[in-house]
Amino acid sequence: MHFLRYCVDHGIAPDAVSDATFTAFAASLASGTLVAKPQRVERMARQQWNRAVAAALPGWPVAPVPVTSNRDDYQLPLDRLPPSFATDLAAWMRRLSGADPLDEFGPARPLRPSSLKTARGHVLRFAAALVHAGEDPQALTTLAALVVPERFKAALLWLMTRRCGASPGLIEQAKCLLSVARHWVQAPKADLERLNKLVAKLGVRRKGMTAKNRARLRAFDDPKHLLALLTLPVRLMDKADRVAAPSRREALMAQTAVAIQILLLVPLRRLNLLRLDVHRHLCRSRSGRHAVVHLVIPAEETKTSQPIEAVLPEPLVRMIDHFMTRYHPLLTSDTDGLLFPGRDGGCKHITALTAQIERAVRDHTGLAVNPHLFRHLAGKLSQQFDPGNYELSRQLLGHRSTDTTVTYYTGQDTAAAVARYDANILERTSSLRGKVVGR
């Protein structure tokens, strides 16, 4: 809409639109509007333009425009490095994956595929940073070449310059390479001490909840906002049900209602939510609407290797069953039990489900809530219900350690305790006033 308005205001016909038009459009957004992220708006406009070109709409120009990647990706292709580096990297990945369960130097717990991918990316990007800093790629014959203190420092300086300082991501990347030096390369003690000092100079990675999430949670101290979110799933489902012949649009609305209701009642992590299968994860005590239904997610499917088991409230079970009967067939031709199926089989992409949830909450409540914030809200509310009972919150959220729960939700119990104290003070004030006035 912004781009179309820009073209109309400047008299630019569709067949005159070019790469330069979008560049000028971005500059106009930055200097003449209050749009928060003009470059993002420009990039989205380019993408929409190219989709229209690809769809071959009648009368639409056939000239696409370039869309540059917004990823800060400086990684080099693996074939730019010596074959011995790739061999060493693959061997390290095998160790981390737990391929040899009796490897005395292997990790206590094998890394999950997503963690393996992250670790591999850290190493490859660190190698790329070293090359960009002036190192000959052919000199990087093994992982040990990355953790020579002088090279390690050179890579860190290049990354800090690129990122304008030591970001949390850089600290995580540096600690990954430090782990390589300690456990894989088994670098000399003197080198490890130097590497530790370099990593320490980057600072300490922030622990606990971000200030942004704490600010978003404060909105739910207002009963109106909390009620709007708690009632949203039912309102969405009712809106979808009012359509006599539902389409995919109503099916997605009903699916979003189910997702939000689950997140409110059983605060799952995003991937566990995404992969829910009514046949595998919902265990019914018997047939019929009054059966007891357990949500059961085995330990090997959770981030912390802690199994999840919960009795689902009857209203949630009815909502899921209703969705599977009326709306699920509109989203996929598969007869499997995935609650969130993708168009081409398997699960919906995580970004698509995230956007679905965020958009619904924003449009119907005006609040900014992503799927993970539901977990923070659960922690906040559990501390309001029972201030200081971190064990209850730990079990609710599936943390492996109570320390994690305390780190994230210290302050939430304080707020609840202060609120309870204030209520007692006000009640005592009223009581004393009555006694004193009555004398």
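**Strands, pockets and single residues in a predicted model**

Q: In what sense do strand β1 and β2 pair, and what makes them a pair?
A: In this predicted model, strand β1 (residues 282–284) and β2 are joined by three bridges in the antiparallel sense. The definition asks for at least two bridges between two strands, so the three bridges found here satisfy it and the strands are called paired. Within this pairing, R284 stands opposite V293 in β2.

Q: How do you know that β2 and strand β3 pair as well?
A: Strand β3 (residues 308–311) runs antiparallel to β2, and four bridges join them. Because at least two bridges are needed, four bridges are enough for β2 and β3 to count as a pair. Here V296 is the residue that stands opposite E309 in β3.

Q: What makes the side chains along strand β2 alternate, and which of them are buried?
A: V293, L295 and I297 point to one face of strand β2 (residues 293–297) and are buried, whereas H294 and V296 point to the other face and are not buried. Buried means under 20% relative accessible area, so V293, L295 and I297 fall below that cut-off and H294 and V296 do not. In a regular strand, side chains take turns between the two faces of the sheet.

Q: Why is P341 called buried?
A: The relative accessible area of P341 is 8%, and because the cut-off for buried is under 20%, P341 is placed in that class. P341 sits in the loop between α15 (328–331) and α16. Leaving out residues up to four places away in sequence, P341 touches Q255, H328, L331, T332, G346, C347 and K348. V418, by contrast, is 77 residues from P341 in sequence and 45 Å from it in space, C-alpha to C-alpha.

Q: Why does T402 count as partly exposed?
A: T402 has a relative accessibility of 28%, and since the partly exposed class lies between the cut-offs of 20% and 50%, T402 belongs to it. T402 lies in helix α19 (residues 402–409). Apart from neighbours within four places in sequence, T402 is in contact with Y390, E391 and R394. Y390 is 12 residues from T402 in sequence, and their C-alpha atoms are 6.6 Å apart in space.

Q: What is the phi of Q186, and why is Q186 called partly exposed?
A: Q186 is not a glycine, yet its phi is positive, at about 55°. Most residues other than glycine have a negative phi. Q186 is found in the loop between α7 (168–185) and α8 (189–201). Its relative accessible area of 46% is under the 50% cut-off for exposed and not under the 20% cut-off for buried, so Q186 is partly exposed.

Q: What is the phi of S305, and why is S305 called partly exposed?
A: S305 is a residue other than glycine, and its phi is positive, near 60°. S305 lies in the loop between β2 and β3. With a relative accessible area of 27%, S305 falls between the cut-offs of 20% and 50%, and is therefore partly exposed.

Q: What makes up the lining of the largest cavity, by class?
A: The lining of the largest cavity has 10 nonpolar residues, no polar ones and one charged residue. Among the residues that line this cavity are I262, V266, L276, D277 and L295. Asp counts as charged, so D277 belongs to the charged class. The space in the largest cavity is about 70 Å³, and a search of the whole structure finds one cavity of 30 Å³ or more.

Q: What makes up the lining of the second largest pocket, and which helix gives the most to it?
A: The second largest pocket has a volume of about 420 Å³. It is lined by 19 residues, and L252, M253, T256, Q356 and R359 lie nearest its centre. By class, the lining of this pocket has seven nonpolar, five polar and seven charged residues. Helices α11 (232–241), α12 (248–265) and α16 (350–365) each supply at least two residues of the lining, and α16 gives the most, with seven residues. Leu and Met count as nonpolar and Arg as charged, so L252 and M253 fall in the nonpolar class and R359 in the charged class.

Note on methods
Residues are numbered from 1 along each chain as its sequence is written. This is a predicted model: local features need pLDDT of at least 70, side-chain atom pairs count only at pLDDT 80 or more; totals for chains, interfaces and linings use all residues. Side-chain values use heavy atoms; hydrogens and water are left out. On a 1 Å grid over the protein atoms alone, a cavity is a set of points where a 1.4 Å probe fits but cannot get out, and a pocket is an open set with protein on both sides within 12 Å along at least five of seven lines; lining residues have an atom within 4 Å of a point. Grid points are joined across faces, edges and corners, and a volume is the space filled by probe spheres set on the points. Buried means under 20% relative accessible area, exposed over 50%, partly exposed in between (1.4 Å probe, protein chains only). Contact means heavy atoms within 4.5 Å.
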